[in-house]
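Got the model open in your viewer? Grab the selection tool and let's take a walk through the chain, one stop at a time.

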Amino acid sequence: MATAMDWLPWSLLLFSLMCETSAFYVPGVAPINFHQNDPVEIKPSKITYKAENLGEVLRGDRIVNTPFQVLMNSEKKCEVLCSQSNKPVTLTVEQSRLVAERITEDYYVHLIADNLPVATRLELYSNRDSDDKKKEKDVQFEHGYRLGFTDVNKIYLHNHLSFILYYHREDMEEDQEHTYRVVRFEVIPQSIRLEDLKADEKSSCTLPEGTNSSPQEIDPTKENQLYFTYSVHWEESDIKWASRWDTYLTMSDVQIHWFSIINSVVVVFFLSGILSMIIIRTLRKDIANYNKEDDIEDTMEESGWKLVHGDVFRPPQYPMILSSLLGSGIQLFCMILIVIFVAMLGMLSPSSRGALMTTACFLFMFMGVFGGFSAGRLYRTLKGHRWKKGAFCTATLYPGVVFGICFVLNCFIWGKHSSGAVPFPTMVALLCMWFGISLPLVYLGYYFGFRKQPYDNPVRTNQIPRQIPEQRWYMNRFVGILMAGILPFGAMFIELFFIFSAIWENQFYYLFGFLFLVFIILVVSCSQISIVMVYFQLCAEDYRWWWRNFLVSGGSAFYVLVYAIFYFVNKLDIVEFIPSLLYFGYTALMVLSFWLLTGTIGFYAAYMFVRKIYAAVKID
């Protein structure tokens with residue numbers, strides 16, 4: 001079973017991605033015990049879709065069954081698949097062209113057996129300069145297998161699959177029959193031309209000996225005849241069922257990952273410590289000087305942040321939009337924190353396909369009560385009065401942008417008849433969740449937040465705004481974004497590489513312990529950088545810090561955008577319009593969400609800092 005591509009006619013379903021890139025599947029994540037010759041999956045009478053959760057649908061997974069017949073601990077040397085009366089399968093010109101396109105576009109086939117994804121073993125030699133006998137093999141696994149390959153401008157299809165399934169024999173009492181559990185699922189894809197495969201009336205076949213056979217070429221300009229075949233080999237393994245996912249979750253270079261994470265932690269905490277020492281020493285000096293009764297005019301000329309005490313809490317322009325964005329940022333923060341923490345505890349295993357995305361969607365909906373509460377209280381603090389309109393803005397502004405972008409992208413995917421497109425009923429279900437769960441919860445939180453006492457600002461706001469002096473070039477907003485974004489981005493760019501690889505390069509991501517650590521470092525670094533930036537701005541006697549701090553604190557999102565462009569150009573081989581549009585569309589959503597997250601973290605850290613320092617000085 002695997003991701004269905006999009007062609008449901010039987011022949012094209014079979015030929016494009018080996019019967020819809022599907023395999024055998026036993027539902028559930030609890031151990032499944034098999035007896036000798038028990039079917040791992042019985043061939044059904046027709047192709048049927050499995051039920052998917054919300055996360056699987058949003059990911060584009062369409063799980064279907066396949067005609068592979070696999071019996072527990074029963075070998076099969078060669079079996080013909082999808083063939084009747086010992087006749088080879090004939091691909092039409094259209095089908096041949098489609099298969100050739102998929103091969104040149106590096107399509108992978110993903111199969112699942114007993115909830116385990118198939119993997120291709122890759123043996124790499126680490127000692128290149130030594131003798132052949134001394135070379136050490138470095139075994140790695142690649143998720144799925146390639147649909148085919150190209151060589152000298154010719155296209156070849158992997159039409160024979162050698163399945164290798166590993167089982168663990170369970171300890172039983174003497175009078176009981178042995179039971180087995182599947183602990184690994186590997187495949188060796190081969191390309192064997194029609195003339196080298198011999199099939200009989202019983203759907204059995206004979207593979208060519210040695211390396212005498214030639215690969216099965218696919219000519220996109222004409223019809224192609226071929227056999228689809230497979231073999232099954234079982235091996236006993238000492239791996240227990242509880243550890244069977246270790247093969248899939250340890251595919252990256254752990255040493256490099258550890259080194260990079262530790263290096264980022266040391267650098268970030270070192271720089272954060274220096275910034276903290278500087279800002280604390282300077283602030284103590286400023287507050288001590290301001291609180292002296294003598295020579296107060298001289299000290300006021302030394303530093304300017306006290307001069308704007310009558311304007312520093314003056315409400316900004318568009319307070320409703322600001323509070324709405326910050327409310328969505330709180331929603332994102334709570335959702336991400338809970339998801340990463342729960343995943344770190346192992347509750348969102350990759351064996352539960354779609355669980356991570358499903359959890360994230362529902363958590364974002366239910367976190368609307370916290371987002372609404374924080375937005376409502378801040379809106380009242382900023383002298384807002386139209387709380388109902390503010391609540392509606394909080395519930396629809398960010399989610400509306402996300403839904404709009406996803407809908408536009410989904411229209412392009414629909415146009416390609418891709419299984420990655422979210423079905424219309426699912427879109428309606430998401431809208432119902434949005435307006436049936438998230439919107440009422442945001443209104444509920446906003447109502448109580450708006451009724452609650454507003455934040456207590458330590459100084460009064462003057463009626464007449466103070467004139468802002470001309471600012472130096474380095475106080476420019478874009479320069480501030482560049483300066484403020486580099487440190488938080490430096491804390492997480494290594495982890496960003498692994499996340500991008502998991503999303504775009506067919507890899508699992510399960511390093512949530514590292515990710516939780518990086519998230520904490522990101523919060524600390526964003527907070528400290530935000531405090532430093534708002535301090536410099538107030539010292540320059542510019543009290544318009546609300547919007548500026550929110551934008552500047554999210555400066556690391558700009559570097560994420562730059563890195564995404566770099567990754568697209570250097571790591572991915574995407575040349576067509578629709579895939580490129582999808583990449584940059586999803587990247588825009590990622591950058592927007594990351595800006596909201598880091599901007600919200602920085603804003604609240606700066607707000608607490610500003611309230612703290614103005615509460616510590618004597619104001620006449």
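Start by selecting residues 148-151 and 154-157: these are strands E11 and E12, which run antiparallel and are joined by 4 bridges. (Helices, H or I with at least four residues, and strands, E with at least two, are DSSP runs numbered from the N terminus; two strands pair if DSSP finds at least two bridges between them.) Click on Phe 149 and you'll find Tyr 156 of E12 standing opposite. What do E11 and E12 form, and how many residues lie between them? They make a hairpin with 2 residues in between, and Val 152 in the turn has a positive phi of about 50 degrees.

A quick word on what you're looking at. This is a predicted model, in which local features need pLDDT of at least 70 and side-chain atom pairs count only at pLDDT 80 or more, while totals for chains, interfaces and linings use all residues. Residues are numbered from 1 along each chain as its sequence is written, and side-chain values use heavy atoms, with hydrogens and water left out.

Now select strand E18, residues 228-236. Strand E3 (residues 76-81) runs antiparallel to E18, with 4 bridges joining them. Strand E13 (residues 160-169) runs parallel to E18, and here there are 8 bridges. Zoom in on Val 232 in E18: Lys 76 has this residue as its bridge partner, and Phe 163 stands opposite Val 232 too.

Next, the helices. Two packed helices are described by the angle between their axes and the distance between the axes. (Axes are lines fitted to C-alpha atoms, for helices over the stretch in contact, and angles run from 0 to 180 degrees between N-to-C directions.)

Select H11 (residues 387-415) and H17 (residues 577-615), whose axes come within 10 Å and cross at roughly 170 degrees. That's why H11 is roughly antiparallel to H17. (Angles under 35 degrees count as roughly parallel, over 145 as roughly antiparallel, 65 to 115 as roughly perpendicular and the rest as oblique.) Show side chains where they touch (contact means heavy atoms within 4.5 Å): among the residues that meet are Tyr 398 and Phe 412 in H11, and Leu 581 and Tyr 586 in H17. How many charged residues does the contact of H11 with H17 have? None: the count is 16 nonpolar, 2 polar and no charged residues. (Ala, Val, Leu, Ile, Met, Phe, Trp, Tyr, Cys and Pro count as nonpolar, Asp, Glu, Lys and Arg as charged, and the others, Gly among them, as polar.)

Move on to H13, residues 477-504, and add H15, residues 546-553: they pack at an angle of about 40 degrees, with axes 8 Å apart. H13 and H15 are therefore oblique to each other. Arg 477, Gly 480, Ile 481 and Ala 484 of H13 touch Arg 548, Leu 551 and Val 552 of H15. By class, that contact of H13 with H15 has 4 nonpolar, 1 polar and 2 charged residues.

Keep H13 and swap in H16, residues 556-570; these axes come within 6 Å and cross at roughly 45 degrees. That makes H13 oblique to H16. Ile 481, Phe 489 and Trp 504 of H13 are among the residues in this contact, with Tyr 559 and Tyr 567 included on the H16 side.

Finally, colour by pLDDT (the predictor's confidence in each residue, from 0 to 100). The chain's mean is 80, and 83% of its residues reach 70 or more. Select residues 1-28, where pLDDT stays under 50, and then residues 298-302, where the value is below 50.
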